[in-house]
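Q: Could you take a close look with me at one part of this structure, and then work outwards from there? I am new to this, so please go step by step.

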Amino acid sequence: MSRRSMQEPTFLILTALAAGPQHGYGIITDVVQISGERVRLQAGTLYAALDRLQGEGLVEADREEVVDGRARRYYRLTSEGEARLAAEVERLRHNADTAASRLRARLRPAFSAGTAVPGGEAGLAMVFGTAVPGGEAGLATVFGSAT
């Protein structure tokens, strides 16, 4: 049976912890950085997620220390958490590869017919993550065909 996909906040929390043990505020700031400032977790949301992830065996408390008179708990990824994160990365990679392949197939006929593509070469660079030097010769490189 296939597990359902991971919610983005969970993915980002596990990704933050993949770098090593972190305390709550460190996780919050790392999630902001990893997400390109799109996701900003509130403390209550983070700690509820960490409790759930601990219950699922994906994260565990690493250690506690006192800083400025306040206890700071560090969390780490478990081996099960690492395996779930790796499986989610592969699921996302497969989906992204499928989408990119279908976009290439969809755009290829437009170039054969000489149809303009919104964003031109810059748009293709955005879609395919590749610079498109050399005009049509560059496009042939993107699509893997010779001109």
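**Where two helices meet**

A: Let's start at a meeting place: Leu12, Ile13, Thr15, Ala16 and Leu17 of helix H1 are in contact with Ile27, Asp30, Val31 and Ile34 of helix H2. Please keep in mind that the model is predicted. Helix H1 covers residues 8-18, and helix H2 covers residues 24-34.

How should we describe such a meeting? Two packed helices are described by the angle between their axes and the distance between the axes. Here the axes of H1 and H2 come within 9 Å and cross at roughly 105 degrees. H1 is therefore roughly perpendicular to H2. If you turn the model on your screen, try to find a view where you can see that crossing.

Now stay with H2 for a moment. Its buried residues are Gly24, Gly26, Ile27, Ile28, Asp30, Val31 and Val32. Ile27, Asp30 and Val31 are also on the list of residues that meet H1. What covers the buried residues of H2? H1 is one of the covering elements, and E1, H3 and E3 are also among them. Just beyond the helix, H2 is followed by Gly36, which has a positive phi, near 65 degrees.

Next, follow the chain into the loop between H2 and H3, where you will find Leu41. Is Leu41 buried or exposed? With a relative accessible area of 9%, Leu41 is buried, because buried means under 20%. Leu41 also comes back towards H2: Leu41 and Val31 are ten residues apart in sequence, and their C-alpha atoms are 7.6 Å apart in space. Leaving out residues up to four places away in sequence, Leu41 touches Pro9, Ile13, Ile28, Val31 and Leu46. So that you can place these partners: Ile13 belongs to H1 and Val31 to H2, because they are among the residues where the two helices meet.

The same helices also contribute to the core. In soluble globular proteins, nonpolar side chains tend to be buried together. In this model the largest nonpolar core has 21 residues, and Ile13, Leu14 and Ile27 touch the most other members. The elements giving two or more residues to this core are H1, H2, helix H3 (43-55) and E3. H1 provides the largest share, six residues. Take Leu14 as an example: not counting residues up to four places away in sequence, Leu14 touches Met6, Leu53, Leu58, Val59, Leu77, Gly81 and Leu85.

H1 brings us to the sheet, too. H1 lies across E1, E2 and E3, and runs at about 95 degrees to E3. These three strands form an open sheet in the order E1-E3-E2, with antiparallel pairing. Strand E1 (22-23) and strand E2 (59-67) are at the edges with a single partner strand each, so one side of each has no neighbour in the sheet. E2 pairs with strand E3 (residues 70-77) over eight bridges, in the antiparallel sense.

Let's look at one of the places where those strands pair. Glu60 has Arg76 of E3 as its bridge partner. Side chains of opposite charge can pair when their charged atoms come close. The side chains of Arg76 and Glu60 form a salt bridge, with a distance of 2.7 Å from N to O. Because Arg76 lies in strand E3 and Glu60 in strand E2, this pair ties together parts that are 16 residues apart in sequence. Arg76 also forms a salt bridge with Asp62, whose closest N and O atoms are 2.3 Å apart. Here again distant parts of the chain are linked, with Arg76 in strand E3 and Asp62 in strand E2, 14 residues apart.

What are the members of the salt-bridge network that includes Arg76? They are Glu60, Asp62, Arg63 and Arg76. Three of these residues can be placed by their relative accessible areas: Arg76 is partly exposed at 29%, Glu60 is partly exposed at 31%, and Asp62 is partly exposed at 25%.

For a contrast, go back to Arg40, which forms a salt bridge with Glu37, the closest N and O atoms being 3.7 Å apart. Arg40 is exposed, with a relative accessible area of 53%, and Glu37 is exposed as well, at 55%. Across the model, the count of salt bridges comes to nine.

Conventions: Residues numbered from 1 in each chain as written. Predicted model: local features only at pLDDT ≥ 70, side-chain atom pairs only at ≥ 80, totals over all residues. Heavy atoms only, no water. Pairing = 2+ DSSP bridges. Helix = DSSP H or I, 4+ residues; strand = E, 2+ residues; numbered from the N terminus. Contact = heavy atoms within 4.5 Å. Axes fitted to C-alpha atoms, helices over the stretch in contact; angles between N-to-C directions. Core = buried A, V, L, I, M, F, W, Y, C linked by side-chain atoms within 4.5 Å. Buried < 20%, exposed > 50% of the residue type's maximum accessible area, 1.4 Å probe, protein only. Salt bridge = Lys/Arg side-chain N within 4 Å of Asp/Glu carboxyl O. Parallel < 35°, antiparallel > 145°, perpendicular 65-115°, else oblique.
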